[in-house]
Amino acid sequence: MTITNLPAIRACRPAWNKGRIVGQKRPLKPKHVWAIRVRLELAENHRDLALFNMAIDSKLRGCDLVKLKVVDVMASGQIKERASVLQSKTQKPVRFEISEGTRASVAKWMEAELMVGSEYLWPGRFHERLHISTRLYARIVRDWVTSIGIEASAYGTHSIRCTKVTQIYKKAGNLRAVQLLLGHTKMDSTV
């Protein structure tokens, strides 16, 4: 009995991750956060400024951030100081504080014509899409990062989520507090 050799199979196209940095993304530094904020303020881009500030303050995953509803952050015509959202991954509520600057930028965004009658805080442009997609949010984050001249492949939507907790951990050194802020169920995930 003879064994025939099969021809080698070659990929028709390059791998999706060829030349890309994959794996854990690093958090933004405070100087990067301020650079992005200043650029968005100067451009008078109210939606992106509110989105950026809310992403930093809430520490939510991208999928939860884009699904934020107006009622989650607003009560009786004012932006709440604290909000609570049910995370889609863990199905557990997570509370976060909304800073003064974020409240001001969200209030300014709420005055936009696009927000009239909107259920979601970040409405999509099309009727079948009630809110922006996570992919659009990722592209927006990439644009923010490239606008300040840093490498976009080293940062992602999770970089925004980890930015504030990284600073808190550097100051306090309390890993349990970081776990609670991120809404992780296991300490291994936080580490």
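**Figure 1. Arg 142 is partly exposed, at 39% relative accessibility.** This close-up comes from a predicted model. Arg 142 sits in helix α6, which covers residues 134–147. Which residues join Arg 142 in a positive surface patch? The partners are Arg 20, Arg 135 and Arg 139. Patch members need over 30% relative accessible area, and Arg 142 has 39%.

**Figure 2. Arg 47 and Asp 48 form a salt bridge.** Look for the closest N and O atoms of this pair, which are 3.1 Å apart. How much of each partner is accessible? Arg 47 counts as partly exposed because its relative accessibility is 24%. Asp 48, with a relative accessible area of 9%, is buried. If you wonder what brings such partners together, side chains of opposite charge can pair when their charged atoms come close.

**Figure 3. Lys 164 and Asp 57 are joined by a salt bridge.** Their closest N and O atoms lie 3.1 Å from each other. Which helices does this pair link? Lys 164 belongs to helix α7 (residues 157–172) and Asp 57 to helix α2, so the salt bridge links distant parts of the chain, 107 residues apart. Is Asp 57 buried or exposed? At 3% relative accessibility, Asp 57 is buried. Lys 164, in turn, is partly exposed, at 27%.

**Figure 4. Glu 100 and Arg 103 pair up within helix α5.** Here the salt bridge has its closest N and O atoms 2.4 Å apart. Helix α5 runs over residues 100–110, and the two partners are three residues apart in it, which is about one turn of the helix. Glu 100 counts as exposed, with 55% relative accessibility. Arg 103 is buried, with a relative accessible area of 15%. How many salt bridges does a search of the whole structure find? The search finds five, and the pair of Glu 100 and Arg 103 is one of the salt bridges.

**Figure 5. Cys 63 and Cys 162 do not form a disulfide.** Why is there no bond between Cys 63 and Cys 162? The sulfur of Cys 63 has its closest cysteine sulfur in Cys 162, and the 14 Å between them is too far for a bond. A disulfide would need the two sulfur atoms within 2.5 Å. Starting from Cys 162 leads back to Cys 63 as the closest, again at 14 Å. Cys 63 is partly exposed, at 26% relative accessibility, while Cys 162 counts as buried, at 19%. The cut-off explains the label for Cys 162, because buried means under 20% relative accessible area. Across the whole structure, a search turns up zero disulfides.

**Figure 6. Leu 51 is a buried residue of helix α2.** This helix covers residues 46–58. The relative accessible area of Leu 51 is 0%, so the residue counts as buried. How many residues along the chain separate Leu 51 and Val 141? They are 90 residues apart along the chain, and their C-alpha atoms are separated by 9.8 Å.

**Figure 7. Leu 49 and Ile 9 are 49 Å apart, C-alpha to C-alpha.** In sequence, the two are 40 residues apart. Leu 49 is found in helix α2. With a relative accessible area of 10%, Leu 49 is buried.

**Figure 8. Pro 7 lies in the segment before α1.** Helix α1 itself covers 30–42. Is Pro 7 buried or exposed? Pro 7 counts as exposed, because its relative accessibility is 69%. Now find Glu 97: the C-alpha atoms of Pro 7 and Glu 97 are 60 Å apart in space, and the two residues are 90 residues apart in sequence.

**Figure 9. The close-ups belong to a protein chain with nine helices and four strands.** To find your way along the sequence, follow the pattern α-α-α-α-β-β-β-β-α-α-α-α-α. Taken along the principal axes, the C-alpha atoms fill a box of roughly 80 × 45 × 35 Å. What percentage of the 191 residues is buried? Buried residues make up 38% of the chain.

Notes. Residues are numbered from 1 along each chain as its sequence is written. This is a predicted model: local features need pLDDT of at least 70, side-chain atom pairs count only at pLDDT 80 or more; totals for chains, interfaces and linings use all residues. Side-chain values use heavy atoms; hydrogens and water are left out. Patches are made of residues with over 30% relative accessible area and no salt bridge: like charges are joined within 9 Å, nonpolar side chains (Val, Leu, Ile, Met, Phe, Trp, Tyr) within 5 Å. Accessible areas come from the Shrake-Rupley method with a 1.4 Å probe; for residues, only the protein chains shown count as cover. A salt bridge is a side-chain nitrogen of Lys or Arg within 4 Å of a carboxyl oxygen of Asp or Glu. Lys and Arg count as positive and Asp and Glu as negative; His and the chain ends are not counted. The place of a charge is taken as NZ of Lys, CZ of Arg, CG of Asp or CD of Glu. Helices (H or I, at least four residues) and strands (E, at least two) are DSSP runs, numbered from the N terminus. Buried means under 20% relative accessible area, exposed over 50%, partly exposed in between (1.4 Å probe, protein chains only).
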